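I opened this notebook to record what I looked up in the structure. The entries follow in the order in which I made them.

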Amino acid sequence: MRSLMNRTAMRIFGSKNEIIAYNITKRAISSAQLTINQVSEKSNTTLMPPKEELKFGKIFAPHMLQVHYDKAKGGWQAPAIVPFQDLKLSPAAAALHYGLECFEGMKAYKSISDSSDLRLFRPEMNMKRLKDSMDRLSMPGNDFDSQELIKCIGELVRVDQDWIPSGEGYSMYLRPTVIATHPFLGLSPPDDLLLYVISSPVGPYYTSGFDPVRLTADTPYVRAWPGGSGSSKVGGNYGPTMKPGAEAMAKGYSQILWVFGDDEHVTEVGAMNVFFFLEKEGGKRELVTPPLTRGDILPGVTRKSILELASDGKWGEIEVSERSITMPEIKDAAAEGRLIEAFGAGTAAVVTPISCIQYKGKDIEIPATGDLTKRIFSDLMGIQYGSVEGPEGWSVKI
């Protein structure tokens, strides 16, 4: 076992004051206390399968990061990188009964020009969202230092860097997760947590090209609503979408375009944020995505990145709007030839072109894949892999 403790952290048996300071430090996530227990070289898990055989979320790298939160011991305990393994949980763990669980989705990349150059894309945004999700579930410890956890995740990526496939479209998908391990059947905030990070080597999301998707807005189900948890990345937002998603697939549509309210406000597409590229009166062009103000939409990292690049004039003179957009407006824009493009945006696919939306039993056809969608995809991928210079702090070297 290898320890990354610094000398200050190791001097804990000196004066009484040093011991007290150490106990206070232990309440926070500290990369200085990180230990690494690597898989034996003789293990049959030390070689990644050929990258052409990778399927999203089905193959996992040999190691995982674990950080326990124990209220009785003062908070966050020392983080550890350990061999990928099953979890040991009490059957009374609050995560299993009340859905006290939240997670993140992020990726690590190898630079196209240098395979030793490892990068994360805007990881501080994932940390902020994870902390916000924990707060929404009333989980303790949600004030952890984001940079300290990013350092621990970076070390996990370095340990398993041979499991990051090379080439554009290939990456290591990272899944930070927090679950309530507190063994208590009462309905109350948990005392104990487990924060863990697992990783999965993945290939291009579009295995047969940049394929557009067909959506349906004709569903009786609602994904999220004002005052709910739609703006948090909690498991409870995703489980109930399985049935409506399967029903959409059975009708020949890839995913659901989620709407809310009597005015049929568009919210998200599947598990992604959604954008519409419209032509306004007078010929001006507008890139529209629903606002976060209602609290029913997830603040996506890709969403924010697209908005910032578009606002800086990266893709020409485009009016960028975070505003409500309804299905009747989309229907009218399509009928008048003003709906230029539409796409979803998220970590897994970056952007997903939309070619059709079923609405009130009729298909609204949308040109796909459009020039703006292609440009956004290309530019974001370039920044993520380090081949295109992006805004400062976006592509973070590990």
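Entry 1, a surface patch. I found that Leu 87, Leu 89 and Leu 96 form a nonpolar patch on the surface, with about 240 Å² of accessible area together. Such a patch joins nonpolar side chains within 5 Å, from residues with over 30% relative accessible area and no salt bridge; areas come from the Shrake-Rupley method with a 1.4 Å probe. Leu 96 lies in helix H3 (residues 94-98) and is exposed, at a relative accessible area of 54%. Exposed means over 50%, and buried under 20%. Helices are DSSP runs of at least four residues, strands of at least two.

Entry 2, the basis. I noted that this is a predicted model, in which local features need pLDDT of at least 70 and side-chain atom pairs count only at pLDDT 80 or more, while totals for chains, interfaces and linings use all residues. Residues are numbered from 1 along each chain, and side-chain values use heavy atoms, without hydrogens and water.

Entry 3, the cores. I looked up the largest nonpolar core (buried nonpolar residues joined through side-chain atoms within 4.5 Å). This core has 39 residues, and Leu 65, Trp 76 and Met 134 have the most contacts inside it. Its largest share, 7 residues, comes from H5. Another core, of 26 residues, lies apart from it and includes Phe 277 and Ile 318.

Entry 4, a lysine. I located Lys 233 in the loop between strand E11 (213-216) and helix H6 (242-250). Lys 233 is buried yet has no salt bridge, a bridge being a Lys or Arg side-chain nitrogen within 4 Å of an Asp or Glu carboxyl oxygen. The nearest side chain of opposite charge, Glu 104, is 6.0 Å away.

Methods
Patch = residues over 30% accessible without salt bridge, like charges linked within 9 Å, V, L, I, M, F, W, Y side chains within 5 Å. Buried < 20%, exposed > 50% of the residue type's maximum accessible area, 1.4 Å probe, protein only. Lys, Arg positive; Asp, Glu negative; His and termini not counted.
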